[in-house]
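Visitor: I'd like a tour of this one, pitched for someone who spends more time with pipettes than with coordinates. Let's take it piece by piece.

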Amino acid sequence: MVMKMNNVKILAIESSCDETAAAVVEDGKRVLSNIISSQIDLHTIYGGVVPEIASRKHIENINYVIKDALSEAGTTFNDIDAIAVTYGPGLVGALLVGVGEAKALSFGLNKPLIGVHHIKGHVFANLIEHDIKPPFVCLIVSGGHTEVALVRDYNDFHIIGKTRDDAAGEAFDKVARSVGLGYPGGPKIDKAAKIGNPYAIDFPKAKVNNSKYDFSFSGVKSAVLNYQNRAKMTGEEINVNDLAASFQRAVVEVLVEHTIEAAKDFEIKTVAMAGGVASNSALRALMKERC
């Protein structure tokens, strides 16, 4: 099958974690619709995403989300030129729902099927929001992923740094839960940090041997937990806002330092960010300052 070159409309499906989403995009840049069904309220009572529950909810929601995406875009299945879907990485059960739906639509409608790598999807979403072109360095930072990518061209994409343990977003969630802020941790830590002192507590910033761009956040997470345990044993009152601000500073400074170092080493003039944690206000401010 040969696809037309102009006004190409792609129905894109995403189900890699706890959000069922579908969008109609024209010519790779024009977003005609973007429907997201969030499961945050469902998983909040557990303090994090429960994979089995997420998968079942995707099954319940996916047809409705696709229907709404087509309706908002003013299109029908007949107007769609291809079906795209996140194939990984992500929660296996959740991914299977989206991939199964996309394969069924592709087969039934006789439309091309495009598998999209989750991390590449995060990175190239920047091209929809901003008029940037490769080469650039991109920090991908979310609840499940923390990587630095070197993007020399659209098909020349390399992960040059990654976390050795927890993702940054995962560390945010666990620290937020430990101090009683709840889930999702990223926005709650960010909010508390705004009224806290980021230099009140000196939490460690890990350096990974043999890889200058890799990350490790299990150490700072453990340091926060140890700080709380010591405070409880000595009867010391914990200032949650100061703790949040100090923890956030330790994580954000490492994220920015490694990204800027990669840009300098590879002589890249453009830096991008992607993923849920990229909305963190302290991360955005410091990255702009260092750039």
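Guide: One term before we start: two strands pair if DSSP finds at least two bridges between them. Also keep in mind that this is a predicted model.

Visitor: Which residue of β3 does Ala21 stand opposite?

Guide: Ala21 sits in β2, and β2 and β3 pair in the antiparallel sense over eight bridges. One of the partnerships between these strands is Val25 with Val31. For Ala21, the residue across in β3 is Ile36.

Visitor: And what stands opposite Ala21 on the β1 side?

Guide: β1 and β2 are antiparallel too, joined over six bridges. A hairpin of four residues links them. The β1 residue facing Ala21 is Glu14.

Visitor: Which residue in the turn between β2 and β3 has a positive phi?

Guide: These two strands also make a hairpin, with three residues in between. One of the turn residues has a phi of about 55°, and that residue is Asp27.

Visitor: In what order do the five strands of that open sheet lie?

Guide: The pairing in this sheet is mixed. β3 and β5 each have a single partner strand, so they stand at the edges with one side left without a neighbour in the sheet. Between one strand and the next, the twist averages 20°. Reading across, the order is β3-β2-β1-β4-β5.

Visitor: Which helices pack on that sheet?

Guide: One helix, residues 51-73, touches β1, β2 and β3, and its direction makes about 25° with that of β2. Another, residues 92-109, touches β1, β4 and β5, at about 155° to β4. Those two are α2 and α3.

Visitor: How many of the eight residues of β2 are buried?

Guide: β2 covers residues 19-26. The strand is largely enclosed by the rest of the structure, because its count of buried residues is seven of the eight.

Visitor: Now the four-strand sheet: which strands stand at the edges?

Guide: This is another open sheet with mixed pairing, in the order β8-β7-β6-β9. Its twist averages 25° from one strand to the next. An edge strand here has a single partner, so one of its sides is left without a neighbour in the sheet; the edge strands are β8 and β9.

Visitor: What is the bridge partner of Val151 in β8?

Guide: β7 spans residues 146-153. This strand runs antiparallel to β8, with six bridges joining them. The β8 partner of Val151 is Phe157.

Visitor: Which helix touches β6, β7, β8 and β9?

Guide: The helix in question packs on the four-strand sheet, and its direction makes about 160° with that of β6. α10, for its part, lies across β6 and β9, at about 170° to β9. The helix touching β6, β7, β8 and β9 is α9.

Visitor: Is α6 roughly parallel or antiparallel to α9?

Guide: The axes of these two helices come within 11 Å and cross at roughly 170°. Angles over 145 degrees count as roughly antiparallel. That makes α6, relative to α9, roughly antiparallel.

Visitor: How many charged residues are in the contact of α6 with α9?

Guide: On the α6 side you have Ala168, Ala171, Phe172 and Val175. α9 brings Leu243, Phe247, Gln248, Val251 and Leu255. By class, that makes eight nonpolar and one polar, and the number of charged residues is none: no charged residues.

Visitor: Which exposed residues does α10 carry on the face turned away from its buried side?

Guide: The buried residues of α10 are Leu283, Leu286 and Met287. They fall within an arc of 100° seen down the axis, so they line one face of the helix. That buried set packs against β6, α9 and β9. The face turned away carries Lys288 and Glu289.

Visitor: Last stop: does Leu127 count as buried or exposed?

Guide: Leu127 is in helix α5, residues 126-129. Beyond its neighbours within four places in sequence, Leu127 is in contact with Lys29, Ile132, Phe136 and Tyr154. The cut-off for buried is under 20% relative accessible area. Leu127 comes in at 12%, so it counts as buried.

Methods. Residues are numbered from 1 along each chain as its sequence is written. This is a predicted model: local features need pLDDT of at least 70, side-chain atom pairs count only at pLDDT 80 or more; totals for chains, interfaces and linings use all residues. Side-chain values use heavy atoms; hydrogens and water are left out. Axes are lines fitted to C-alpha atoms, for helices over the stretch in contact, and angles run from 0 to 180 degrees between N-to-C directions. Contact means heavy atoms within 4.5 Å. Angles under 35 degrees count as roughly parallel, over 145 as roughly antiparallel, 65 to 115 as roughly perpendicular and the rest as oblique. Ala, Val, Leu, Ile, Met, Phe, Trp, Tyr, Cys and Pro count as nonpolar, Asp, Glu, Lys and Arg as charged, and the others, Gly among them, as polar. Buried means under 20% relative accessible area, exposed over 50%, partly exposed in between (1.4 Å probe, protein chains only). The arc is that of the directions from the helix axis to the C-beta atoms.
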